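Visitor: I am new to this one. Could you show me around and explain how the labels are earned?

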Amino acid sequence: MVTGGAGFVGINVADRLLTEGKKVLIFDNLSRAGVENNLSWLKEKWGDQLQVTIADIRDRAAVTEAVNHASQIFHFAAQVAVTSSLIDPFYDFEVNAQGTLNLLEAIRNSEHQPPVIFSSTNKVYGDLDDIGIVMNGTRYYPENTFFRQHGISEKRSLDFHSPYGCTKGVADQYMLDYARTFGLKTVVFRMSCIYGPHQFGTEDQGWVAHFLIQALKNKPITLYGDGKQVRDILFVEDLVTAYLLAMKNIHKISGNAFNMGGGVQNTISLLELCDMIGEITGKKPEVRFDNWRPSDQKYYVSDFGKFNAITGWQPQVRTREGVQRLCNWLQENAMVPAKKRISKKQKVGSPA
Ligand SMILES: NC(=O)c1ccc[n+]([C@@H]2O[C@H](COP(=O)([O-])OP(=O)(O)OC[C@H]3O[C@@H](n4cnc5c(N)ncnc54)[C@H](O)[C@@H]3O)[C@@H](O)[C@H]2O)c1
């Protein structure tokens, strides 16, 4: 069972599970614009091996019914944007916090109690300003050598920022507590920025895809703040591998949270991504600036050492390759008008 399985991460996980010969049930209310395209693509590819329930994670009866048929659960259904959580915190709470509790209770009350892996966020660690952030011409970075070399580990204390940070954080803690208190098999991934095919990036969420889409459409990119914010970005293919490894090792790692991202080797600032897109497409995107948005961390880079020590996992796709592959996917799947598509030579060649 993949909740939010029509969305960006969910569809990639579902596709890999189906490739491995598993039956998959996608549970999604299709509230994210564009995700019905993902679902049509997956249905066409896999036919009856794929089942779909169009329903809401807030609907307890529907969740219970689906859980009763599931042997493993990947939980992605969520209100996903900090910006929307500021506008409607009740909705954000109902979907992210209450929805996750609905799922956990359905699992607890089921006969077979399937394992579940939950997608939490780096926002549970707050703004990290205390690590002494400095900047150079294109990016922020920590003054402290240890953080610069390793990133942020799970030892960092929790400090929920923004309504979205609070509701994902609540769900994160419920997941861990249901392992502790009720013995359910649960794992939490605190994810940094994920990018890759099937991502319908917007200004609110999915910035790597959003920047590429804007650039390919010859539209300006708005940077909120000075654009020096740094993230470790992770290509979705690597993330899917991590999810499946976590499920495989569930008996060993249940009750644990893991930071999950591209790590110190795959960091990039917003300004640097704009430059990279210019190199890939042959045209530097037009960039505009606006005020900082609430709860925007100046620097966040994951230390994924805890998960690596148990499973040996590490990202295989480096930033430049991943951004190029997403750019190719957006073009091949007509996410941008044909006349704007870049030539094959530019696509596969070195920076134009
Ligand atoms: N993409 C990232 O960089 C990132 C980073 C950190 C955490 N996350 C978390 O990972 C998960 C997946 O993110 P994504 O990027 O694939 O987002 P997405 O928006 O592409 O996918 C979420 C899916 O959930 C569905 N959904 C939303 N509300 C629902 C509801 N009430 N009931 C049923 N389905 C509902 C949407 O229709 C969508 O298909 C989310 O929980 C998100 O908070 C994502």
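**Salt bridges and a helix with two sides**

Guide: Gladly! Please keep in mind that this is a predicted model.

Visitor: Why is Glu-105 called partly exposed?

Guide: Partly exposed is the range between under 20% and over 50% relative accessible area. Glu-105 has 23%, so Glu-105 belongs in that range. Arg-108, with 30%, is partly exposed too.

Visitor: What makes Glu-105 and Arg-108 a salt bridge?

Guide: The cut-off is 4 Å between a side-chain nitrogen of Lys or Arg and a carboxyl oxygen of Asp or Glu. Here the N to O distance is 2.7 Å, so the pair Glu-105 and Arg-108 qualifies. Both residues lie in helix H5 (residues 89-108), three residues apart, about one turn of the helix. An α-helix has 3.6 residues a turn, so residues three or four places apart point the same way.

Visitor: How do you know that Arg-156 and Asp-130 meet in a salt bridge?

Guide: Their side chains come to 2.6 Å, N to O, and the limit is 4 Å, so the label fits Arg-156 and Asp-130. Arg-156 sits in the loop between helix H6 (145-150) and helix H7 (162-182), while Asp-130 sits in the loop between strand E5 (116-121) and strand E6 (133-135), so the pair ties together parts that are 26 residues apart in sequence.

Visitor: Why is Arg-156 called buried?

Guide: Buried means under 20% relative accessible area, and Arg-156 has 19%, so Arg-156 counts as buried. Its partner Asp-130 has 58%, and exposed means over 50%, so Asp-130 is exposed.

Visitor: How many salt bridges does the structure hold?

Guide: There are 15. One of them joins Arg-288 and Glu-286 at 3.2 Å, N to O. Arg-288 is partly exposed at 45%, and Glu-286 is partly exposed at 44%. Asp-56, Arg-58 and Glu-94 are linked in a network of salt bridges.

Visitor: How do you know that the buried residues of helix H3 are on the same side?

Guide: The buried residues of H3 (residues 60-67) are Ala-62, Val-63, Ala-66 and Val-67. They cover an arc of only 130° around the axis, which puts them on the same side of H3. On the other side, Arg-60 and Ala-61 are exposed.

Visitor: What do the buried residues of H3 pack against?

Guide: They pack against strand E2 (24-28), strand E4 (73-75) and H5.

Visitor: And which residue caps the N-terminal end of H3?

Guide: Asp-59 does, with a side-chain oxygen 3.2 Å from the backbone nitrogen of Ala-61.

Technical notes:
Residues are numbered from 1 along each chain as its sequence is written. This is a predicted model: local features need pLDDT of at least 70, side-chain atom pairs count only at pLDDT 80 or more; totals for chains, interfaces and linings use all residues. Side-chain values use heavy atoms; hydrogens and water are left out. Helices (H or I, at least four residues) and strands (E, at least two) are DSSP runs, numbered from the N terminus. Buried means under 20% relative accessible area, exposed over 50%, partly exposed in between (1.4 Å probe, protein chains only). The arc is that of the directions from the helix axis to the C-beta atoms. Contact means heavy atoms within 4.5 Å. A polar contact is a pair of N or O atoms within 3.5 Å; within protein, one must be able to donate a hydrogen and the other to accept it, and residues adjacent in sequence count only if both atoms are side-chain atoms.
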